[in-house]
Every structure is written in structure tokens, then in C-alpha cells.
Amino acid sequence: MAGVSVPEAPVMRLRGVSKSYAGRPVLSGLDLDIRPEVTVLLGPNGAGKSTLLDLLSLVAPPQAGMIEWHGEEMRRTRQVKRAMRGISYLPQHFSFPSSYTAADVVDYAAWLRKVRAPRRAGEVLAMVGLEGEARKKVRTMSGGMRQRLGIATCLIGDPELIVLDEPTVGLDPAQRIQFRRVLSSVDAAVLLSTHLVEDAVVLADRVLVLHEGRFVFDGSLPELEALAGPVGDSPAERGYMSLIGATR
Ligand SMILES: Nc1ncnc2c1ncn2[C@@H]1O[C@H](COP(=O)(O)OP(=O)(O)OP(=O)(O)O)[C@@H](O)[C@H]1O
């Protein structure tokens with residue numbers, strides 16, 4: 001119908017997803033549709049962000065509820081393996097062999113992910129501002145360079161969903177701007193977790209706030225800012241603080 005915009009079909013859909021560790025609920029009945037946009041997941045320590053990202057990357061199954069990839073419910077290992085080809089995941093803690101060069105790391109990641117026609121290492125390294133560093137060894141890189149190398153490994157093979165756990169840790173302000181450029185240049189759904197409300201301000205098309213295993217917010221940055229209470233340094237931070245009930 002003319003004038004009515006139809007939202008793109010979700011890449012991934014979660015319905016009633018729950019997860020517990022040793023009987024202690026960490027995620028409780030989450031519903032989520034992921035579309036090709038940059039979604040920033042905020043939440044305090046222990047909110048369940050990393051646990052949720054493990055589920056989104058299909059590394060771990062939920063104990064209740066269901067996950068769909070392009071409308072297909074993930075029930076069998078075969079389905080999960082096929083879907084995983086379209087998903088890149090950078091965990092919070094990762095390391096690469098110290099004797100590898102940046103190009104070795106990218107080639108190795110392509111091999112691990114069974115990417116048939118990987119982008120050339122130089123291309124993904126350039127996307128994260130590591131052009132000219134292809135022959136630099138991991139052991140000689142700064143923390144920020146390693147972080148960008150990790151992000152580069154997620155860009156090979158044109159993934160449809162990129163899941164990044166705290167990717168901005170270790171990036172300085174200039175590198176954060178570079179990272180924003182990278183995200184705006186990739187043609188994929190991106191979901192990243194962070195502790196920094198500022199990351200949501202700079203990067204997010206959509207903001208999710210997870211608190212005690214439940215979504216307490218799912219909306220745009222202006223909608224988050226509209227919730228601003230008295231605590232915090234910026235409108236977005238004040239909105240976030242009021243959602244998680246912070247009093248300091
Ligand atoms: N493998 C595990 N076994 C037992 N408990 C776990 C396990 N992984 C996480 N937890 C617990 O589940 C809760 C949520 O952890 P999770 O790492 O998902 O939170 P988070 O929001 O990512 O936290 P942070 O911001 O500190 O990284 C925490 O209480 C954590 O201790």
C-alpha cells in the first residue's frame with residue numbers, strides 16, 4: 001500500500017527464551033526480533049548480556065522457548081550448523097596465537113568458519129583501520145589493535161548477523177569513530193553489548209536494556225532519552241539509569 005512502510009522480515013526471532021545456571025534464572029522469557037540494523041544491548045554487570053549473546057550466536061541453546069533463523073526454528077544440530085554460517089560472533093574474551101600476523105588471523109578465521117570465498121584479508125583489515133598492518137604479529141599489537149583485529153575476523157564471509165560482546169573495550173575515541181564507520185558500512189544485522197551508554201548514543205539504531213534477565217527497554221535513542229530521570233550525565237544515561245533503578 002502506498003505510503004505504508006513494511007518492516008523487513010527479522011533475520012532472527014526469539015520467543016519466550018529462558019536460561020538458568022544451576023537452577024538460577026539468568027534470562028526469563030525473552031522475545032526479540034533482530035533486523036538488519038545496529039542494536040546496542042545495555043545492561044548492568046550480571047544482567048545476562050553475555051548469556052544472551054551466546055544464545056543469539058547459537059553457541060548455546062536456550063532451556064525454554066525457541067529461536068528462529070529466517071523463519072526456521074532451530075531444533076536440530078544440522079539446522080544450527082547451517083545457520084551459523086551466516087553468523088559472526090566475537091566473544092568478550094578472545095585471543096589469537098601471538099606468532100600469527102594479522103593476515104594469518106583473518107585467514108585462519110575464514111578457514112574455521114568454512115567461508116568458501118572469504119573477503120581478502122587486506123579488505124577486512126582496511127575496514128577496521130588496520131590497512132598496512134597485515135604482516136604485523138599479534139604479539140606486537142596494542143590492545144586496541146587486537147580488538148580491531150577481532151572485529152575484522154567477524155567481517156569475512158559477508159555474515160547476515162554480527163554479534164559482538166563488548167567490542168568497544170580498549171578502543172580510544174578515534175578508534176570508536178572508526179568502529180562506527182565500520183558498522184555503518186556492513187550490510188548485516190549487528191547486535192553488540194556494552195557497558196557504555198555513550199556507545200548507544202553513537203552507534204545504535206535501536207537500544208535494548210536488559211536488567212535482571214528481562215528487557216526493560218526496546219526502542220530508539222530519543223525514546224530512551226525521553227525517560228531521563230535525575231541521575232546521570234547525559235539524557236541517554238539518565239534514561240538508562242531510571243530504567244535500572246539506579247539511585248547514585
Ligand atoms: N557458565 C556459567 N555458570 C554459572 N553461572 C553463570 C555462567 N555464566 C554466567 N553465569 C552467571 O549468570 C549471570 C549473568 O552473567 P552474564 O555474563 O550473562 O552477564 P553480563 O550481563 O554479560 O555481565 P557482565 O556485564 O559483567 O559481563 C551472572 O550472575 C553470572 O555469574
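Here is a short tutorial chat about reading this predicted model.

Q: Where do I start, and how many helices and strands does the chain have?
A: Start with the overall make-up: the chain has 9 helices and 10 strands. Of its 248 residues, 38% count as buried.

Q: What does the radius of gyration tell me about the chain?
A: You compare it with what a compact globule would give. For 248 residues that would be near 18 Å, and the chain has 18 Å, so the two agree. Along its principal axes, the C-alpha trace spans about 50 × 50 × 45 Å.

Q: Now a single helix. Which residues of helix 3 are buried?
A: First the general idea: an α-helix has 3.6 residues a turn, so residues three or four places apart point the same way. In helix 3, residues 102-112, the buried ones are Ala102, Val105, Val106, Ala109 and Ala110. Looking down the axis of helix 3, these buried residues fall within an arc of 135 degrees, so they line one face.

Q: What do the buried residues of helix 3 pack against, and what sits on the face turned away?
A: They pack against helix 4 (121-127) and helix 5 (143-153). The face turned away from the buried side carries Trp111 and Leu112, both exposed. After helix 3 comes Lys114, with a positive phi near 55 degrees.

Q: How do I read the ligand's surroundings, and which helix gives the largest share of the shell?
A: Look at who is there and what kind of residue each one is. Helix 1 (residues 49-56) gives the largest share, 3 residues. The shell includes Tyr21, Asn45, Lys49, Ser50 and Thr51. By type, it divides into 3 nonpolar, 6 polar and 1 charged.

Note on methods
Residues are numbered from 1 along each chain as its sequence is written. This is a predicted model: local features need pLDDT of at least 70, side-chain atom pairs count only at pLDDT 80 or more; totals for chains, interfaces and linings use all residues. A residue is buried if 20 or more other C-beta atoms lie within 10 Å of its own, exposed if 12 or fewer, and partly exposed in between; C-beta atoms are placed from the backbone. Helices (H or I, at least four residues) and strands (E, at least two) are DSSP runs, numbered from the N terminus. The arc is that of the directions from the helix axis to the C-beta atoms. Two residues are in contact if their C-beta atoms, placed from the backbone, lie within 7 Å. A residue is near a molecule or strand if its C-beta atom, placed from the backbone, lies within 6 Å of it. Ala, Val, Leu, Ile, Met, Phe, Trp, Tyr, Cys and Pro count as nonpolar, Asp, Glu, Lys and Arg as charged, and the others, Gly among them, as polar. The radius of gyration is taken over C-alpha atoms; the globule rule is 2.2 Å times the number of residues to the power 0.38.
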